[in-house]
Amino acid sequence: MSDCIFCRIAAGEVPARIVRRDENLVAFHDLAPVAPTHVLVVPRRHLASLDATDTGDRELLGALAEAAREIARELGVADGYRVVVNNGASADHTWSRSFGCAAAIGCRLSAW
Ligand SMILES: [Zn+2]
C-alpha cells in the first residue's frame, strides 16, 4: 500500500536503519526512538491491524515474534525488553506521531 510508511520502508522507498530484512518482514530502528534500543519489526505484506489477521497469518505472526527475540539478542538487550503490538490508530500516540500513520501492524521492541 503506497501510503503506508511501513510498506514504503519495506520497499526501500523511505530510508531507515535496517536491522533485518527477509521474505516475511523488515526490522528497523525507530525514526523517533523513545528508548536507547527501539526497533520496529513489520511484515512486508501490508496488514492494517492485528485485528485484520486470521489463522492463516499464524506463521507470519510467529516470524515477527521470533525476529524480535533474535534482534534483541543481536543488539545485546535480551536480558530485558518489551515487545508491543499496537492495534488501531488510538492505541499508541507515539507510534502515530513517529510515522504519521498507525494503520499497520508490527512489533515494537524497546529496551531501556
Ligand atoms: Zn503497509
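**Fold, core and confidence of the predicted chain**

The protein chain holds three helices and five strands. Read from the N terminus, these elements come in the order α-β-β-β-α-β-α-β. Everything described here comes from a predicted model. Of the 112 residues in the protein chain, 28% are buried. Among contacts with a separation of 6 or more, 59% link residues that sit 24 or more positions apart.

The early strands pair up one after another. Strand β1 (residues 18-21) and β2 run antiparallel and are joined by three bridges, and the hairpin between β1 and β2 passes through three residues. On its other pairing, β2 is joined to strand β3 (residues 37-43) by five bridges, and this pair is antiparallel too. One of the facing positions here is Val26, which stands opposite Val42 in β3. As for cover, β2 (residues 25-29) is mostly tucked away, with four of its five residues buried.

Ile18 gives a handy look at the β1 side of this arrangement. This residue belongs to strand β1, and its bridge partner in β2 is Phe28. Leaving aside residues up to four places away in sequence, Ile18 touches Val26 and Phe28. Ile18 has 13 C-beta neighbours inside 10 Å, so it counts as partly exposed; a residue needs 20 or more to be called buried. Val39 lies 21 residues from Ile18 along the chain, and the C-alpha atoms of the two are 9.2 Å apart.

Next comes the nonpolar interior. The largest nonpolar core brings together 19 residues, and the ones with the most contacts inside it are Leu25, Val26, Ala27, Val41, Val42, Ala67 and Ile71. Two or more residues each are supplied to this core by α1 (5-10), β2, β3 and α2 (58-74). Ala67 shows how helix and strands meet: apart from residues up to four places away in sequence, Ala67 touches Arg20, Leu25, Ala27 and Val41.

Helix α2 itself is worth a closer look. It runs for 17 residues and covers 24 Å from first C-alpha to last, close to the 24 Å expected at 1.5 Å a residue. Its buried residues are Leu64, Ala67, Ala68, Ile71 and Ala72. Viewed down the axis of α2, the buried residues stay within an arc of 130 degrees, which means that they line one face of the helix. The other side of α2 has Arg58, Glu59, Gly62 and Arg73, which are exposed. Just after α2, Gly76 adopts a positive phi of about 80 degrees.

Confidence is not even along the chain. The average pLDDT is 80, and 76% of the residues score at least 70. The high point is β1, at 94, while the low point is helix α3 (residues 93-99), with a mean of 42. Over residues 93-104 the pLDDT is below 50, although the model still gives this stretch 25 contacts beyond near neighbours in sequence. Where pLDDT is low, the predicted coordinates should not be read in detail.

Definitions and conventions. Residues numbered from 1 in each chain as written. Predicted model: local features only at pLDDT ≥ 70, side-chain atom pairs only at ≥ 80, totals over all residues. Buried ≥ 20, exposed ≤ 12 C-beta atoms within 10 Å, placed from the backbone. Pairing = 2+ DSSP bridges. Core = buried A, V, L, I, M, F, W, Y, C linked by C-beta atoms within 7 Å. Contact = placed C-beta atoms within 7 Å. Expected span 1.5 Å × (residues − 1). Arc of directions from axis to C-beta. pLDDT = per-residue confidence, 0-100.
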